[in-house]
Amino acid sequence: MSSPSTPDPIARLLAVHAETRARLQAYTDGGAPAAADFTALAAWIDGPARIAHDILERRLFPALIESMAGSDAVCLKGMTGGLAQSRADLDRRWRQATRPRDDAIPSETAPHSPADPAARHALAAWAEDTLAWLKRADEELLPMADRLLDGAAMAELAADCARLDN
């Protein structure tokens, strides 16, 4: 557990996930946000959300597996490996399928973003799958990390989470 003088890294990661969920909700509610909203979403996904996912995969997942040293960590390895694989798929879909090309984003006067209905559908499907990924991480993995990681691992995680504030 983290000390009162250092930010709680688990709470920080949960906060990033909550912000990501809030930003994605507009895309799963059947709405068509404006181009400026999409630009803000893209900046968030490519910024703080990506940093948080990197922290999970590069710091938290290995720390969790290390915390189980001497135990049978097959289930934990399966969970973290599955989340990492799902994240890679979501990243690929974001880059290749749902991230519209510059010419697909309408002007500020146009009512919707991205302009192409197929792109909007792909974005909505990606958003739904991302929300499911966040739910798994928040409900299964992060509570486990809060219980299993020792003070040193939490301090390292907190140091990595400082990147979220930049």
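Ring pairs join Phe38, Trp94 and Trp126 into a cluster. The model used in these exercises is predicted.

**Exercise 1. Aromatic rings**

Find how many aromatic pairs the model has, and classify the pair formed by Trp94 and Trp126 as stacked, edge-to-face or tilted.

Solution.

Step 1. The count is 2 aromatic pairs.

Step 2. For Trp94 and Trp126, the ring centres are 4.6 Å apart and the planes stand at 35 degrees. Planes under 30 degrees apart would count as stacked and planes over 60 as edge-to-face. The angle of 35 degrees meets neither condition, so the pair is tilted.

Step 3. Place the two residues in the chain. Trp94 belongs to helix α3 (residues 74–98) and Trp126 to helix α4 (residues 117–148). They are 32 residues apart, and the pair links distant parts of the chain.

Step 4. Check exposure, with buried meaning under 20% relative accessible area. Trp94 has 1% and is buried. Trp126 has 0% and is buried as well.

**Exercise 2. A salt bridge inside one helix**

State where Glu19 and Arg23 lie, and decide whether each is buried, partly exposed or exposed.

Solution.

Step 1. Both residues are in helix α1 (residues 9–28), 4 residues apart, which is about one turn of the helix.

Step 2. Recall the geometry of a helix. An α-helix has 3.6 residues a turn, so residues three or four places apart point the same way.

Step 3. Look at the side chains. Glu19 and Arg23 form a salt bridge, with an N to O distance of 2.7 Å.

Step 4. Partly exposed covers the range between 20% and 50% relative accessible area. Glu19, at 31%, is therefore partly exposed. Arg23, at 29%, is also partly exposed.

**Exercise 3. Salt bridges between helices**

For the salt bridges Arg21 to Asp138 and Arg59 to Asp160, name the helices they link and compare the exposure of the partners.

Solution.

Step 1. The side chains of Arg21 and Asp138 meet at 2.7 Å, N to O. Arg21 is in helix α1 and Asp138 in helix α4, 117 residues apart.

Step 2. Arg21 is partly exposed at 28%, whereas Asp138 is buried at 11%.

Step 3. The side chains of Arg59 and Asp160 meet at 2.8 Å, N to O. This pair links helix α2 (residues 35–67), which holds Arg59, to helix α5 (residues 151–161), which holds Asp160. The two residues are 101 residues apart.

Step 4. Arg59 is partly exposed at 28%, whereas Asp160 is buried at 17%.

Step 5. Set these pairs in the total. The model has 12 salt bridges. Asp46, Arg50, Arg87 and Asp91 are linked by salt bridges into a network.

**Exercise 4. The two sides of helix α5**

Which residues of α5 are buried, and which are exposed on the other side?

Solution.

Step 1. The buried residues are Ala153, Met154, Leu157, Ala158, Asp160 and Cys161.

Step 2. Around the axis, these residues cover an arc of only 160 degrees, so they lie on the same side of α5.

Step 3. Ala152 and Ala159 are exposed on the other side of α5.

Step 4. Find the cover. The elements that cover the buried residues of α5 include α1, α2 and α4.

Step 5. Examine the N-terminal end of α5. Asp150 caps this end, with a side-chain oxygen 3.2 Å from the backbone nitrogen of Ala152.

**Exercise 5. Two buried polar residues and their surroundings**

List what His53 and Thr80 touch, leaving out residues up to four places away in sequence.

Solution.

Step 1. His53 is in helix α2. With 6% relative accessibility, His53 is buried.

Step 2. Outside its sequence neighbours, His53 touches His17, Arg87, Trp133 and Leu134.

Step 3. Two of the residues in that list also meet each other. The charged end of Arg87 sits over the ring of Trp133, 5.3 Å from its centre.

Step 4. Thr80 is in helix α3. With 5% relative accessibility, Thr80 is buried.

Step 5. Beyond four places in sequence, Thr80 contacts Phe61, Ile65 and Leu141.

How values were computed: Residues are numbered from 1 along each chain as its sequence is written. This is a predicted model: local features need pLDDT of at least 70, side-chain atom pairs count only at pLDDT 80 or more; totals for chains, interfaces and linings use all residues. Side-chain values use heavy atoms; hydrogens and water are left out. Rings of Phe, Tyr and Trp (its six-membered ring) pair if their centres lie within 6.5 Å; planes under 30 degrees apart count as stacked, over 60 as edge-to-face and the rest as tilted. Buried means under 20% relative accessible area, exposed over 50%, partly exposed in between (1.4 Å probe, protein chains only). A charge sits over a ring if NZ of Lys or CZ of Arg is within 6 Å of the ring centre and within 35 degrees of the ring normal. A salt bridge is a side-chain nitrogen of Lys or Arg within 4 Å of a carboxyl oxygen of Asp or Glu. The arc is that of the directions from the helix axis to the C-beta atoms. Contact means heavy atoms within 4.5 Å. A polar contact is a pair of N or O atoms within 3.5 Å; within protein, one must be able to donate a hydrogen and the other to accept it, and residues adjacent in sequence count only if both atoms are side-chain atoms.
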